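Please walk me through this structure, taking one part of it at a time and keeping to what can be computed from the atoms.

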Amino acid sequence: KVNTTGTVTSSHGGDCITASDTLTVIGPPAIAKAFSPASITVGGTSTLQFTITNPNGTVALTGVAFTDTLPAGVTVASSISTPCGGTLTLTAPDSITLGGATIAAGGSCAFNVTVTGETIGTKINTTGTITSTNGGNGNTASATLTVIGPPSIAKAFSPASIAQGDTSTLQFTITNPNAAVALTGVAFTDTLPAGVTVASSTSSPCGGTLTLTAPDSIALGGATIAGGGSCAFNVTVTGETAWTKLNTTGPV
């Protein structure tokens, strides 16, 4: 900001010169962040990118710093070591701290930290305020990571005891633990134990395709389970031989 006075005048000495001086007003840094990808499975990783911008066209910002505490269920995995000319410190399980960075006049700096999704849910992550030595305090930045868990499956025979040659209803229940995300392409295969055969079933449970292959194979494919929902369907089976029959599905 250039500030110039008006001309100095006097009644006896006439007009004199003007005077000028310059004041530089330095703006604070700005920070933004994003997860890529923004949706991962439990145990998967995402790249968390931070971008710091200097809005001042002629002045570098120094001593730029911020701290980011990740939300519960998200942990730090790895990063580059000296981004933006500063020091990046990762403290397990969830702390990211940048200190002593320098952002060139009118420039920006971006760096990545790899994070792991440990528990399912929508994870909203907001940094602390970004600060600088000569530009003061700036903004905070937020981003959302969705960690998606797998479906679970349960099964039960009803009745659980039958006479040889009789039938029982085998009910499967598939549950989606993710409140806000539908699971697609849900599938499993169940091979019945020796002496138990498939008899009948519904034709298209859970929006998928159920395939029965004599004498003992049950396969579901292409099913969809709504967010936070579950789906149940039945298959009728016949007990061909006497004994205790333990039946375990493949993983869903």
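**From a loop to a pocket and a sheet**

In this predicted model, isoleucine 17 sits in the loop that connects strand 3 (14–15) with strand 4 (20–22). Is isoleucine 17 buried or exposed? Its relative accessibility is 64%, and because exposed means over 50%, isoleucine 17 counts as exposed.

A second place to look is alanine 160, which is separated from isoleucine 17 by 143 residues in sequence and, from C-alpha to C-alpha, by 106 Å in space. Alanine 160 belongs to the lining of the largest pocket, where Ala160, Ser161, Ile162, Trp243 and Lys245 are the residues that lie nearest the centre, out of 18 that line it. The space in the largest pocket comes to about 360 Å³. Sorted by class, its lining residues are 10 nonpolar, seven polar and one charged. Strand 23 (residues 230–239) contributes the most to this lining, giving three residues.

The last part to consider is an open sheet of three strands, which are arranged in the order 19-22-21 and paired in antiparallel fashion. Strand 19 (183–191) and strand 21 (209–213) form the edges of this sheet, since each of them pairs on one side only. From one strand to the next, the twist averages 5°. How many bridges join strand 19 to strand 22? There are six bridges between strand 19 and strand 22 (residues 217–225), and the two strands run antiparallel. Within strand 22, alanine 219 is the residue that stands opposite threonine 189.

Notes: Residues numbered from 1 in each chain as written. Predicted model: local features only at pLDDT ≥ 70, side-chain atom pairs only at ≥ 80, totals over all residues. Heavy atoms only, no water. 1 Å grid on protein atoms, 1.4 Å probe; cavity = no way out; pocket = protein on both sides within 12 Å on 5 of 7 lines; lining within 4 Å. Points joined across faces, edges and corners; volume = space filled by probe spheres on them. Helix = DSSP H or I, 4+ residues; strand = E, 2+ residues; numbered from the N terminus. Nonpolar A, V, L, I, M, F, W, Y, C, P; charged D, E, K, R; others polar. Pairing = 2+ DSSP bridges. Axes fitted to C-alpha atoms, helices over the stretch in contact; angles between N-to-C directions. Buried < 20%, exposed > 50% of the residue type's maximum accessible area, 1.4 Å probe, protein only.
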